[in-house]
Amino acid sequence: MKRVPFFDNPVLRGSLPMWRARLVLILIFAGFLTLVGRALFLQGISTEFLQQQGERRYERTIPLPAMRGKILDRNGAVLASSVPARGVFAIPEDVKKASDEQMKALAKLLEMPVADIRARIDDDRNFVYLKRQVSVDVGDEIKALNVPGVHQLGENRRYYPDGEVMGHVVGFTNIEDRGQEGVELTFNDVLSGTAGSRRVIKDRLGRVIEDVQAIVPPVDGKDLRLSIDTRLQFVVYKALQDALEERGARAGAAVVIDVHTGEVLALANLPTFDPNRRETYKPANLRNMAITDTFEPGSIMKPFTAALALDLGRITPTTIFDTGNGKFRYQGSTISDVSRNGSIAVGDILRRSSNIGMTMISERLQSREMWDRFTELGLGTAPQIGFPGAAPGRLRPWDRWRLIEKATMAYGYGLSVSLLQVARAYSVFARDGDMVSLSLVKRDSEPTSVRVYPTKIAVMLRSMLEAAAGPDGAKAAQVQGYRVAGKSGTARKIIDGKYSTSRYRSSFVGFAPVSDPKIIVAVSIDEPQKGAYYGGAVAAPVFSRIVGGSLRLMGVKPDAPFESTIVANAPERTR
Amino acid sequence: MGRLSVIVAILLMLSAISLVTARYQSRQLFVESERVQAQTRDLETGWRRLQLDRAEYARNSRVDEAASGELGMLGIVPDRTLYLNQPRGNTAGGAQ
């Protein structure tokens, strides 16, 4: 084959116009310029936007929810705990494609009528919750149904195994897992953790392939150990429940406090609610009366005034007061006793709960002294227990007390307190004169306490209170095997600004065993209807039951003599 | 010169292949660790649920109902209790 030199190609022999070559050259250059321009634009100017878009295609941030901490009682029993649940939602437009059978099956699993579901999805919105807090098992069954447009979200559901027995103490959370009442609200910050997150790359099928950044791990909420003892709580709850039924009372509340540590061992109110069932959340049931309700204490205040007079040396245990025939004119009002008591000393005034005797003691005291001592006892200031809505009660400034008011305050009218405040104040008699600070959380260290009365006075009052709960006093308060001390109170309620003659609040506050007090128990029964209404008849038996049950559960050795009805036989054979 | 470039080319190939396998292994291990973590979560949840179940069955009101209703048991009172005085310092043997 003959070589044809390129410069001697027959094609090139004919001369072509020069402009055609130029044109081609220019076009090619123009093409290149466009490409360079485009590349510059993509790389330089819109690079960030494009990279973001790219990442959005394959990278995802997954939130890592934190579990809410558990609430435990003092022995480690679970009072509240969260488990995963599902929130079932629907995209209305897509659900319309679902068949009737599917809807029926879905309705059955959700325990809702089909019409209800239809009504919910008949909506312009593109996201509707069908039901929240569905258990995981039901959630899986719903997933298996494959209803178009029905999807699920992960959430947590909180369970309260003790239900209504513990309702007021533990409280409850809302659907977003935030505390709304009780301990759940007070300690919400401790209980709720911090959610974490992780940034990952996902593949085409949505599986996680790798982490892009370091994971921010979720911090689970801390577990909270309360001072409450579930066993005592149940004893208290049961005693209250039976008393309310027996007396036809409107409401009742009781508190048990550990004398040495100031821990609240039990706190129950009736009527109550079950935190697991939202339909029981009624305003009347939700009231934590022991902490948030204040009332005129009545006779249960008498020991404090008597102790003050003894402390200041205005009276001695043998000072005799002539209470007359049970009616006494004082400052234009008539003060009356339940019975004629004649001439009695302070011990008998407490035992027989004489209002006249207390009036006479108050004459030897100044308003200022009483106000100071009541304030030291924590009346008029809310207890620092960290519970929502703790009531401070009402104690008016002493310079505005009239003489008759000073007298009524001496026996517990004209001021208001909460049951928890009274229970705490009684710790001065159970604890040799100092008042302990309360706690709802289990304590690791010694509690702080404030000295209110000298030890001598506290010991003296203790024996007077033992007599007041003795055979000649509120004998219904007695407990077999244990020495108890306490004071009953019957306060008339104020209805339309006047003291009612038919509605009462019966209360009893005391402690046991007297030889070495372990627990303080305060009971209040609101508006007993059937039978007697006196604190010594209504509240004292409840006190007795609570003390008996609690001391037995706590393993406290009996300190009172009793006759045993059983005898031990010599073992016939050894095990 | 020629031999050197052949050796470098082989090394390059080896390095490339090892990169691929390392990448593959890392994915495998990642998947495994994910699976184990999911298992941890499941076990944690299961434990929480069992704990709740136990609390539910050991609920005081339930026990009380069973004891006084089904089994006909009575609460103990001091006069039906025998208190044994144990000599001090010998507390270990008493509890059973």
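How many residues of chain B are in contact with chain A, and how many of chain A with chain B? In this predicted model, 26 residues on the chain B side touch 34 residues on the chain A side. Putting the two chains together buries about 2,700 Å², with carbon and sulfur atoms giving 56% of that area. Over in chain B, the residues that lose the most area to chain A are Arg48(B), Leu52(B) and Asp79(B), which together make up 24% of what that side buries. As for charge pairing, the interface of chain B and chain A has 1 salt bridge. Glu34(B) forms a salt bridge with Arg198(A), and the closest N and O atoms there sit 3.0 Å apart.

Then there are the rings. Over all chains, the structure holds 12 aromatic pairs. One of them joins Tyr411(A) and Tyr413(A) in an edge-to-face arrangement, at 5.9 Å centre to centre and with 70° between the planes. Tyr411(A) has a relative accessible area of 8% and Tyr413(A) one of 13%, so both fall under the 20% cut-off and count as buried. Elsewhere in chain A, Phe304(A), Tyr426(A), Phe429(A) and Tyr453(A) come together as one aromatic cluster. A ring also meets a charge in this chain: Arg132(A) lies over the face of Tyr129(A), 4.3 Å from the ring centre.

Helix H1 of chain A is another story. Spanning residues 18-45, H1(A) has 28 residues and reaches 40 Å from its first C-alpha to its last, close to the 40 Å expected at 1.5 Å a residue. The number of buried residues among those 28 is 0, so H1(A) lies largely in the open.

Key
Residues are numbered from 1 along each chain as its sequence is written. Chains are lettered from A and ligands numbered from 1 in the order in which they are written. This is a predicted model: local features need pLDDT of at least 70, side-chain atom pairs count only at pLDDT 80 or more; totals for chains, interfaces and linings use all residues. Side-chain values use heavy atoms; hydrogens and water are left out. Rings of Phe, Tyr and Trp (its six-membered ring) pair if their centres lie within 6.5 Å; planes under 30 degrees apart count as stacked, over 60 as edge-to-face and the rest as tilted. Buried means under 20% relative accessible area, exposed over 50%, partly exposed in between (1.4 Å probe, protein chains only). A charge sits over a ring if NZ of Lys or CZ of Arg is within 6 Å of the ring centre and within 35 degrees of the ring normal. Helices (H or I, at least four residues) and strands (E, at least two) are DSSP runs, numbered from the N terminus. The expected span of a helix is 1.5 Å times one less than its number of residues. Contact means heavy atoms within 4.5 Å. Buried area is the accessible area (1.4 Å probe) that two parts lose on being put together, summed over both. A salt bridge is a side-chain nitrogen of Lys or Arg within 4 Å of a carboxyl oxygen of Asp or Glu.
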